[in-house]
Amino acid sequence: MHDPQPFSRPPRNSLRWALIAAAVVVAGGAFAYVGGWLTPHRLTAQRLVDELQRNGGGVHPGYRRNHAKGVCVAGYFEGDGKASAYSTASVFAVGRTPVVGRFAIPGGNPYAPDGSVPIRSLALRFNLSDGQQWRTGMNSMPVFPVATPQAFYALQVAGEKDPATGKPEPARLAAFFAAHPETAAFRAWAKTAKPSASFVTESYFGIDAFYFIDATGQRQAVRWRVVPEATDAQPAPASDDYLIGDLRQRLASGPQRWHLLVTLANPGDPTDDATKAWPNDRTTIDAGTLVLTSEQPQDSGPCRDINYDPTVLPAGIALSDDPLLPARSAAYSDSYLRRTSEEAHVPGTTVPTHAQPEASR
Amino acid sequence: MSTIRTTFSLPARVLHWTMAALILAMLFIGVGMVATVSEKHQWLLAIHKPLGIAILLLAIARLVVRLRNPPPPLPADLPALQKLAAHLSHWLLYALMIAMPLIGWAMLSAGGYPVMLSHSLRLPAILPENALAFAWLRTAHGAFAYLLFLTFLAHMGAALYHGLIRRDGVLRSMVNGQARDPSPQMPDGIGVVNGRPTD
């Protein structure tokens, strides 16, 4: 209590000031580090979406940053009770659960020709009676080209279009595939895949693995897909926009149906690698029927404001250790924030022009 | 209350330090989870929501404690501008720690997300689904988070300034229950922290 040198404050105070400054700088620096601002080469959700945006030909305000071209659908899922032995989710019990979905083609350009890619996608949101939700985003190929978000980012960079030709540089893509042998199964699929003339004749695969959890808490690794009842697949016409017209025509003649097939993994089947399909002999359950009854344009339909984040799951379904799932969640959230902010005219965002309303739909 | 208290009440101090840890953790969780694409995204998100509700409940309790137990007055010799800054920043902290969880909750409601606190515990929506409301609320949630972090930095810096430079007992009034020397003419009084001389 008795300082012998009460007037020696100035030098000590400078030390104390330095201590205070250091505390503030360390706290601020740690915050900036966690936010990714000090590590420009670390992959973040924002950088991933920036890259998708570049590949989609720039910002298309109000549109999703990937799978930008699409159409809303609605209907219901009719559970048959067969999956209830594995999952407590009420969607699998006998009965109907309303569904709001969206068909789309991959890519960030909302005006891309339907035949530009052989892939179609189907996203679904099941509104469970207990207020919980199940959201899933599925694609018409059984495996994903890559297993990690870093490889997905690298694939986007390798696939950037050459401004001179408007096409990806073949040598860059070839180098990427050579460096990523895990793409083999996807490339084998892509070699024979043709753009389909209809959304309705396609199967859609959940691709990532999940867990079903039963009433005793037992976890079963699963993958799901929906398989169409319609089998009249036709070669795609030569025009740029045929998928939505085909969908409208088919729905006008009646509801369209898919079966939700759930494949149960055997012990040891990989849950963390979406590039690897599970062997064909795995037990598969027909969990019920997806019935789609109507379609609406995506710029006014009920799917417009839904982020089909595949990590939104009801009790009874849980995430696996697949590293793509958290990356999809983070990137979809960022894309959702960007496009809704554009619609809301939040300062700093590009206001949508709606110069090209999807009137053709 | 006839006597002026010189320290914060025990419930106020317990709430302060508990919430300081929780809010600081929350800010780092928030800024980390929106950036990362790793598996951390999912577990940070899983902590963020229940922790936000916990902070909301604690903040309400704290407001009640504060209104019932007025905090000790600032040193009489503190410059008016610093007093003003102290009062404004404290009310800003209170406003933000109550508003942030509510905005987060409202934002998820407007975005059409189920507000899940655990795998099966769901809070009701407090707003109807509306993407434009979501966009504004989500933007506000982020902007206010940065404001809260900056206010925290200022608060921490000011607390250390009181404790290390002014040594006027303000920091001590929140650190321990010992009364500070109420005489205002000793701003440079040798501080006692946790019963030990600081010099």
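This report describes the predicted model of two chains, A and B, with attention to their contact, a helix pair and selected residues of chain A.

Residues are numbered from 1 along each chain as its sequence is written, and chains are lettered from A and ligands numbered from 1 in the order in which they are written. Because the model is predicted, local features need pLDDT of at least 70 and side-chain atom pairs count only at pLDDT 80 or more, while totals for chains, interfaces and linings use all residues.

**Chain B and its contact with chain A**

Chain B holds 5 helices and 4 strands, where helices (H or I, at least four residues) and strands (E, at least two) are DSSP runs numbered from the N terminus. Along the sequence, their order in chain B is α-α-α-β-β-α-α-β-β. Of its 199 residues, 31% count as buried; a residue is buried if 20 or more other C-beta atoms lie within 10 Å of its own, exposed if 12 or fewer, and partly exposed in between, with C-beta atoms placed from the backbone. Among the contacts in chain B with a separation of 6 or more, 63% join residues 24 or more positions apart; two residues are in contact if their C-beta atoms, placed from the backbone, lie within 7 Å.

The contact between the chains takes 44 residues from chain A and 39 residues from chain B. On the side of chain B that touches chain A, α1 (10-35), α2 (40-68) and α4 (131-166) of chain B each supply at least two residues. The largest share, 15 residues, comes from α4(B). This side of chain B divides into 22 nonpolar, 11 polar and 6 charged residues. Here Ala, Val, Leu, Ile, Met, Phe, Trp, Tyr, Cys and Pro count as nonpolar, Asp, Glu, Lys and Arg as charged, and the others, Gly among them, as polar.

**A helix pair in chain A**

Two packed helices are described by the angle between their axes and the distance between the axes. In chain A, the axes of α3 (residues 149-158) and α4 (residues 170-179) come within 9 Å and cross at roughly 160°. The helices α3(A) and α4(A) are therefore roughly antiparallel, a term for angles over 145 degrees. Ala154(A), Leu155(A) and Ala158(A) of α3(A) meet Arg172(A), Leu173(A) and Phe176(A) of α4(A). The residues of this contact comprise 5 nonpolar, no polar and 1 charged.

**Selected residues of chain A**

Most residues other than glycine have a negative phi. Two histidines of chain A with positive phi are set out below.

| Residue | Phi | Place in chain A | C-beta neighbours inside 10 Å |
|---|---|---|---|
| His67(A) | about 55° | loop between α2 (45-55) and β1 (69-79) | 26, buried |
| His345(A) | near 60° | segment after α7 (324-343) | 14, partly exposed |

Ala330(A) lies in helix α7 of chain A and is buried, with 29 other C-beta atoms within 10 Å. Although Ala330(A) and Ala45(A) are 285 residues apart along the chain, their C-alpha atoms are separated by 5.6 Å. Not counting residues up to four places away in sequence, Ala330(A) touches Ala45(A) and, in chain B, Thr36(B), Val37(B) and His41(B).

UniProt, in an unreviewed entry, places a "transmembrane region" at residues 15-38 of chain A; such annotations may be inferred rather than shown by experiment. In the model, residues 15-38 of chain A are 83% helix and 0% strand, and their end C-alpha atoms lie 27 Å apart.

Key. Axes are lines fitted to C-alpha atoms, for helices over the stretch in contact, and angles run from 0 to 180 degrees between N-to-C directions. Angles under 35 degrees count as roughly parallel, over 145 as roughly antiparallel, 65 to 115 as roughly perpendicular and the rest as oblique.
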